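This report covers backbone geometry at selected positions and the pairing of strands in one sheet. The sequence and structure are shown first.

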Amino acid sequence: MARWLGLALLVLALLLVVVAGYHFLRDGLVTTEPQAPAAPPAHALDGSPAWSPDGSKIAFYSERDGNGEIYVMNPDGSNQTRLTHHPADEGYPTWSPDGRTLTFDSDRDGNFEIYAMDSDGSNVRRLTHHPARDVSAAWSPDGTRLAFMTDRDGQPLFIIGGVSV
């Protein structure tokens, strides 16, 4: 009797596997045909917001276009404008104390460095030139120095002075 019960359970289990497999194939949950890449998510990742010194704008990065780019918007969320247009990843914008310049991280030259641009996205220039990763810049209150995270020689923080942007 136990032998028949074991055989019946085995047959039932195999039947469930076959039926489940049929439904997966029928409903398109499993296929052997190539699939188109998934569309970007409806709510792309936005992050690292930074208020302009006068409070009129917020800079942020977004992956809504497929990679990290720098945007600005009004405080109410309107007038979202993409400032960078590069296939590299860019992020972590910060405003200079006078509001005329934004710094950001980018790996556009092969590794992450600190870049600056005018607040309208023009005049992009590289500020750091080191084979180590340099990211997350912060301006001094007088706008003459930048502190940032780095992988240089085991120093987690580094400061450059005489910033002319």
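Two strands count as paired when DSSP finds at least two bridges between them. The model discussed here is predicted.

**Sheet**

By that criterion, 4 strands make up an open sheet, ordered β5-β6-β7-β8, with antiparallel pairing. The edges are taken by β5 (90-95) and β8 (125-126); each has a single partner strand, so one side of each lacks a neighbour in the sheet. In general, strands of a sheet pair through backbone hydrogen bonds, in a parallel or an antiparallel arrangement.

The pairing of β5 with strand β6 (residues 101-106) is antiparallel and runs over 4 bridges. At the residue level, E90 has S106 in β6 as its bridge partner.

**Positive phi angles**

Which position in strand β1 is of interest here? Residue S48 lies in strand β1, which spans residues 46-51. S48 is not a glycine, yet its phi is positive, at about 55°. N79, also a residue other than glycine, has a positive phi near 55°. N79 sits in the loop between β3 (69-73) and β4 (81-82).

Are these residues buried or exposed? Buried means under 20% relative accessible area and exposed over 50%, with partly exposed in between. S48, at 24%, therefore counts as partly exposed. N79 has 47% relative accessibility and so also counts as partly exposed.

| Residue | Phi | Relative accessibility |
|---|---|---|
| S48 | S48: about 55° | S48: 24% |
| N79 | N79: near 55° | N79: 47% |

How values were computed. Residues numbered from 1 in each chain as written. Predicted model: local features only at pLDDT ≥ 70, side-chain atom pairs only at ≥ 80, totals over all residues. Heavy atoms only, no water. Helix = DSSP H or I, 4+ residues; strand = E, 2+ residues; numbered from the N terminus. Buried < 20%, exposed > 50% of the residue type's maximum accessible area, 1.4 Å probe, protein only.
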